[in-house]
Amino acid sequence: MPHLDIFQTDTPTELIICASIEDHIKAVRNKLAGAGLEEIANGNTTITTEDRMKTVSQPSQQGGQTQHGGWTPGGSGHRPQQGQQPALASQTKPLPGKPYGFVALPSSFDTKPPVWHDGTGSKERFSGEIRCELENLTPLLVGWERGQVGDADSDWPVPATLDAVDGKLTAGKSVLCPLRAPWGKRPVIIPGDSLKGLLRHELGALLGAPMERVAERSYSYRPNALFPKDPDPRLIARIARVPNDGVTMKALDDNHQVRVTVKLELLPMNLRYDREGNLTTEYYRFDDASGAPYRGGQGAGEKLNSKRKLHQTLEVNPNQAVKTASVPTAVQDGYLATLRHLVDLAHGHFSERHPDVPKTITGDEARRRILKAAAEEVFQPGDLIWVEWDTKKKCIVSLGWHYYYRWAYTDTVRRQGGRLERHGLFPLDREREKDREGAPVKLSAVRRLFGYTGDNEGSASIGEGDHTQLMSRVSVNAALEVVGDNEADDQRFLPPAFLKELGMPRPSAVEFYLKQPYHPRSRPSDRATLVTYGDAAGYDTPGELAGRKFYLDRKDAYGNDGKGLVPGPAADSSPENRKNERSTLALEASKPGRKFRFTVRFRDLDAHEVAAILVALCPDQFKGVLGGHHADGYCSKLGYARPLGWGSVRIAARQLLLLDEAGDAPVLNEADPAAWVKQHHQKTATQDAWLAIHHRRHPDAEDYPRRNGEIFTFHTSLRAEHSRKRRYRQEGC
């Protein structure tokens, strides 16, 4: 059942029903009619603030543009005024499109007993192979060999000049090309691992299985990223002083004790920043000779990667404390969690994913300095620091030793509250349960098909002894390009293309990687519209992961210059991009319309598992069984530059061959793939969402959203604005 928003109106017999995806409205239209509701054609779907307060359902679990439908029991209700348009109460714009989307995990997972490779599971199961043909609908480059210009240590050094590329290549430029066979016209080979990865990912979403290789990450934000701009904020930045008895030592981990402030003297709330030094009272200013000690920057007075000047003193007038406040235990714990985040080089702030590591600073340098400052220097008696103060509850919410301090979210990617395992990212209880021989009692759908290795947190602790690993019952060979006798290379390949730099969407982008049940409406706790990993303990509800990520097929993936196909919007041959070390020069990318053939072999599969593999590979071929009615059909994504529009492929199962071992010699008997899927396919809870994300020319597919031409700026400004809005209470609260 798709999730809907249902709003009451001023007419008692009338409702407004909303969904984030138009297909969700279509999916429930007959059910609504069957329940006695009549749709008002072109009904008034304006949503006012009063309507929002009278909602009779929880907000939709999907972000993006909301689709509205007006319904009324028995057909009663008002008609719209001419020219009246749907409106959202909030002035916040809906989140823009992007090149990827998500299929949410189901609320529960199915498990079944494992099938072993000793022949005991063969009875009434099927073995055989599926012979497939793949056609690329957009340019395709499944990278095999990547080199950098000037890398003399590479097995395949890239020269500074290439015959097909005008001009000299910049040192460090990345070059990518496909694998090609050494015979005949050197057909392109798509490695079997790439195809198997595609199949496993598709089946994980289609069958609603746990996600296995989601890396742990912790994130933080700056509570003071933007100043409050409207009157009467609930949360304010406030100066506080560390008293003589205001600090204790607490364990950061097994090896480190750090200084933690437990009591603070609060200074007046009406102090103004005196940048020019003109005020005589009610001010604060930095670096005054008579100022109190102040430890600017994350290095507590020492430069780490800061681009700003670090302040050493802070002068305040008047400097008498107006109140002494205890630091709540939750805030002390939040401060310790923030320190752990800052010094965690595997998953935290200064890990290798930080753009300044290692060119500006190494993670080890940052870790050493922060640990030293936290253990020996910060929160000295008389130090002035900053706190986030709740003006209504009269309590401290967060704190730091400088104004732009960082504060760790309460959740990480894999953990909730720092401890609880997040749903769908760890082995299930039945998978961890073992029989007397150490074998798992049951497995989830994808691990049952493809096995497990136990080499990552997603599959750790499954089985013991001889059962810590399980081999797959599905294998995929490489796909080989079909090349005609008279086909020349310029008919098969695009010219060399300087591709645009790929964006780096990461789970830190909470606006997309977490479900956003409120945006663009405000969330219940404050005026912010986004759900994060948890801004502060007790102040908001952390979000849920959006699910498995899929790149969307874009209608603008390539162009035509009148002489033939060109790389299209994905390419950028500007001098700036040619010099950009972070972008890639693509060689021998296959033109749209090339065909490749490969085989999927399977052993001891249930009938519905064979059907699931056929559906997962070939959504367009079996769209009738799946209930798909998208006008342009369906496709999958494979290879490099998928976010730029490349890599859209359509796979067809040409033959289904089943192994018959009853006779003197095993034989493969041909079965009808269409009939097999129709007879054995079992619809899953996630099927509709999975199919919708495979729309050809997906209506939601866009380039990475940007602000002032920068992807990074879009995301950081959005979250900075969130930090500002969370400071304000909802109206009437």
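Okay, let's start with a helix pair: α3 and α11 are roughly perpendicular to each other, since their packing angle is about 110° and anything from 65 to 115 degrees goes in that class. Before I go on, keep in mind that this is a predicted model.

So, where are these two? Helix α3 covers residues 192-206, helix α11 covers residues 607-617, and their axes sit 9 Å apart. On the α3 side, the contact uses Leu198, Leu199, Glu202, Leu203 and Leu206. Facing those, α11 brings in Ala612, Ile613, Val615, Ala616 and Leu617. Sort the contact residues by class and you get nine nonpolar, one charged and no polar.

Next, another helix pair. Helix α4, residues 329-343, and helix α5, residues 363-377, cross at roughly 155°, and their axes come within 9 Å. That angle makes α4 roughly antiparallel to α5, because the cut-off for that label is over 145 degrees. Who's touching whom? From α4 we have Tyr335, Leu339, Leu342 and Val343, and from α5 it's Arg367, Ile370, Leu371 and Ala374. The class split for this contact is seven nonpolar, one charged and, again, no polar residues.

Okay, on to strands. There's an open sheet of four strands here, ordered β16-β17-β19-β18, and the pairing is mixed. Which strands stand at the edges? Those are β16, at 272-273, and β18, at 292-293; each has a single partner strand, so one side of each is left without a neighbour in the sheet. Moving inward, β17 (residues 283-286) and β19 (residues 313-317) run antiparallel, with four bridges joining them. If you want one specific pair to click on, take Phe286, whose bridge partner in β19 is Leu314.

Last stop, a single residue: Tyr100. You'll find Tyr100 in strand β5, residues 100-103. Is Tyr100 buried or exposed? Its relative accessible area is 2%, so Tyr100 counts as buried, the cut-off being under 20%. And what is Tyr100 in contact with, leaving aside neighbours within four places in sequence? The list goes Pro505, Phe512, Tyr513, then the run Lys549, Phe550, Tyr551 and Leu552, and finally Tyr704. One more for the distance people: Tyr100 and Arg642 are 542 residues apart along the chain, and their C-alpha atoms are separated by 9.1 Å.

That's my tour, so over to you.

Technical notes
Residues are numbered from 1 along each chain as its sequence is written. This is a predicted model: local features need pLDDT of at least 70, side-chain atom pairs count only at pLDDT 80 or more; totals for chains, interfaces and linings use all residues. Side-chain values use heavy atoms; hydrogens and water are left out. Two strands pair if DSSP finds at least two bridges between them. Helices (H or I, at least four residues) and strands (E, at least two) are DSSP runs, numbered from the N terminus. Buried means under 20% relative accessible area, exposed over 50%, partly exposed in between (1.4 Å probe, protein chains only). Contact means heavy atoms within 4.5 Å. Axes are lines fitted to C-alpha atoms, for helices over the stretch in contact, and angles run from 0 to 180 degrees between N-to-C directions. Angles under 35 degrees count as roughly parallel, over 145 as roughly antiparallel, 65 to 115 as roughly perpendicular and the rest as oblique. Ala, Val, Leu, Ile, Met, Phe, Trp, Tyr, Cys and Pro count as nonpolar, Asp, Glu, Lys and Arg as charged, and the others, Gly among them, as polar.
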